[in-house]
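Here's a structure to look through together. Have it open beside you, and let's go one piece at a time.

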Amino acid sequence: MIEDSITTPLLEKPPHLIGSINDYSIADIEWIASQFRIVGPATVAAFPGRGNINLHTYEVRAGETEYLLQKVNSDVFTMPYRVMKSMAASIQAQTDSLAVGKGDPLWVPIELVPTKHGHQFLDLTDEHGWSVWRLMIRIPKSTSYKSLGEIDKRECQLELARQVGRGLAIYSDLTSSIDPKTIDGSLPGYRDTPLYYAQFHSVMARNRSLAEAEDLLPTDPIVRGSSQQHFLVTLGDEEYAERKSDPELVPFIQLVEEREPFAMGLWAALDDGRIRHTLIHGDTKIENFLFCTESGNVKALVDLDTIMPFTWLADWGDLQRSMVNVAGEKERDHSKVVVDREVYESVAQGFLEAAQEVTDEEVSMMVFAVQAITLELGLRFLTDYLRGDTYFRLAEGDPPDLNKVRAIVQLTLYRRLVEFGPEAEVRLRAFRAR
């Protein structure tokens with residue numbers, strides 16, 4: 001069992017490596033790597049494939065083994081011990097399930113390298129701030145893709161989509177033994193549709209203080225503390241009024257308002273006991289899957305930072321949403337926002353071919369889940385644009401209406417998914433019957 005904190009003193013820690021530091025030299029990284037159980041002298045370098053979240057990610061080579069050294073981004077994950085506890089639980093569940101013959105024998109869970117003191121992560125946290133590091137063995141003979149567009153041949157794209165579906169099913173089955181009550185999500189309030197709608201209603205009411213928003217704020221103190229700022233409008237009155245009355249945006253505001261009961265469907269099914277409470281990955285985009293460089297088969301699901309209790313249908317919905325959107329998230333020509341039906345069917349085929357633990361009731365909600373998760377993301381972009389872009393912050397050079405564009409894309413995609421729904425139901429029933 002992973003510990004809540006690590007108090008064993010470290011030897012010869014450089015005095016400048018305080019918790020708040022964010023600028024590391026190669027010598028610093030070499031020292032950090034040396035605190036883990038690796039054999040032989042190590043060389044380190046920045047990892048070119050690092051994402052937008054865990055920016056401090058490094059390649060480590062020692063002997064014949066390659067590793068990834070990574071600092072948990074505590075600006076995003078303000079409870080890094082939760083991140084590591086959930087990650088360790090996921091890895092253990094995958095390993096235990098594979099040991100008794102579940103899943104695909106070619107599946108490779110992430111392997112954490114212990115520190116020299118036997119802990120699953122290195123804790124350099126102090127009074128100055130968080131500093132939590134993990135070392136993972138790099139999964140050999142594997143590759144990843146940021147999108148299907150990296151593949152030229154259409155048949156190869158569809159096979160990759162099928163493998164992605166298989167990967168989600170395998171991961172979900174392997175981790176289904178975990179009691180979700182034992183896991184606290186690393187991002188309190190994430191995937192919380194009622195919370196997102198409460199924020200929307202608060203912003204629509206132009207609440208500018210916590211006192212004004214009080215009736216809409218969450219009662220859970222941890223969720224409240226992490227989300228309360230997103231209930232408040234930060235724009236000036238004139239700009240707020242312009243955004244809220246934008247003729248292009250008004251129909252989508254109305255759509256979000258009208259579809260609120262629909263968006264709560266997964267929550268209602270969980271409350272009624274019609275679907276299982278499971279552990280979910282939380283970020284099932286294609287680039288988080290690894291594929292065998294020899295066979296092309298899926299072999300791992302990585303980036304285990306957003307694990308939380310919910311329903312696997314949320315992972316499924318988010319995966320399909322991201323895979324079938326031909327136009328991407330920033331397309332201004334709404335006519336180009338369409339559903340890639342062949343990709344949808346390939347992902348569904350792969351999932352249903354591999355899934356063992358799913359129930360008939362859950363399968364009956366798969367088409368709905370894709371629609372609901374897409375609607376939820378559109379709601380989040382819309383709310384953020386109306387309040388002043390406080391969550392999906394704009395980077396230098398981004399257009400000021402980027403979150404408006406993102407909202408319209410997702411809500412248009414939602415409409416397209418609804419249109420495709422009856423056909424998708426037929427296809428899923430056919431795959432399930434095989």
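**A helix with a bend**

This is a predicted model, and helix α15 is our starting point. It runs over residues 402–433, and at 1.5 Å a residue its 32 residues should span 46 Å. The C-alpha atoms at its ends sit 43 Å apart, which agrees with that. Now follow α15 along to Gly 421: there the helix bends by about 55°. A proline, Pro 422, follows within four residues of that point.

Next, the cysteines. A disulfide is a covalent bond between the sulfur atoms of two cysteines. How many disulfides does the structure hold? Zero. Take Cys 156: the closest cysteine sulfur belongs to Cys 292 and is 15 Å away, so the two are too far apart for a bond. For a pair to count, the sulfur atoms would have to be within 2.5 Å. Is Cys 292 buried or exposed? With 17% relative accessibility, Cys 292 counts as buried. Cys 156, at a relative accessible area of 37%, is partly exposed.

Last stop: the second largest pocket, which holds about 640 Å³ of space. Its lining is made up of 27 residues, and those closest to the centre are Gly 189, Asp 192, Val 223, Trp 267 and Met 308. Which elements help build this lining? Helices α4 (193–204), α6 (221–227) and α10 (265–272), along with strand β10 (308–310), each supply at least two residues. Sorted by class, the lining of this pocket has 17 nonpolar residues, seven charged and three polar.

Notes
Residues are numbered from 1 along each chain as its sequence is written. This is a predicted model: local features need pLDDT of at least 70, side-chain atom pairs count only at pLDDT 80 or more; totals for chains, interfaces and linings use all residues. Side-chain values use heavy atoms; hydrogens and water are left out. The expected span of a helix is 1.5 Å times one less than its number of residues. The bend at a residue is the angle between axes fitted to the seven residues ending there and the seven starting there. Buried means under 20% relative accessible area, exposed over 50%, partly exposed in between (1.4 Å probe, protein chains only). On a 1 Å grid over the protein atoms alone, a cavity is a set of points where a 1.4 Å probe fits but cannot get out, and a pocket is an open set with protein on both sides within 12 Å along at least five of seven lines; lining residues have an atom within 4 Å of a point. Grid points are joined across faces, edges and corners, and a volume is the space filled by probe spheres set on the points. Ala, Val, Leu, Ile, Met, Phe, Trp, Tyr, Cys and Pro count as nonpolar, Asp, Glu, Lys and Arg as charged, and the others, Gly among them, as polar.
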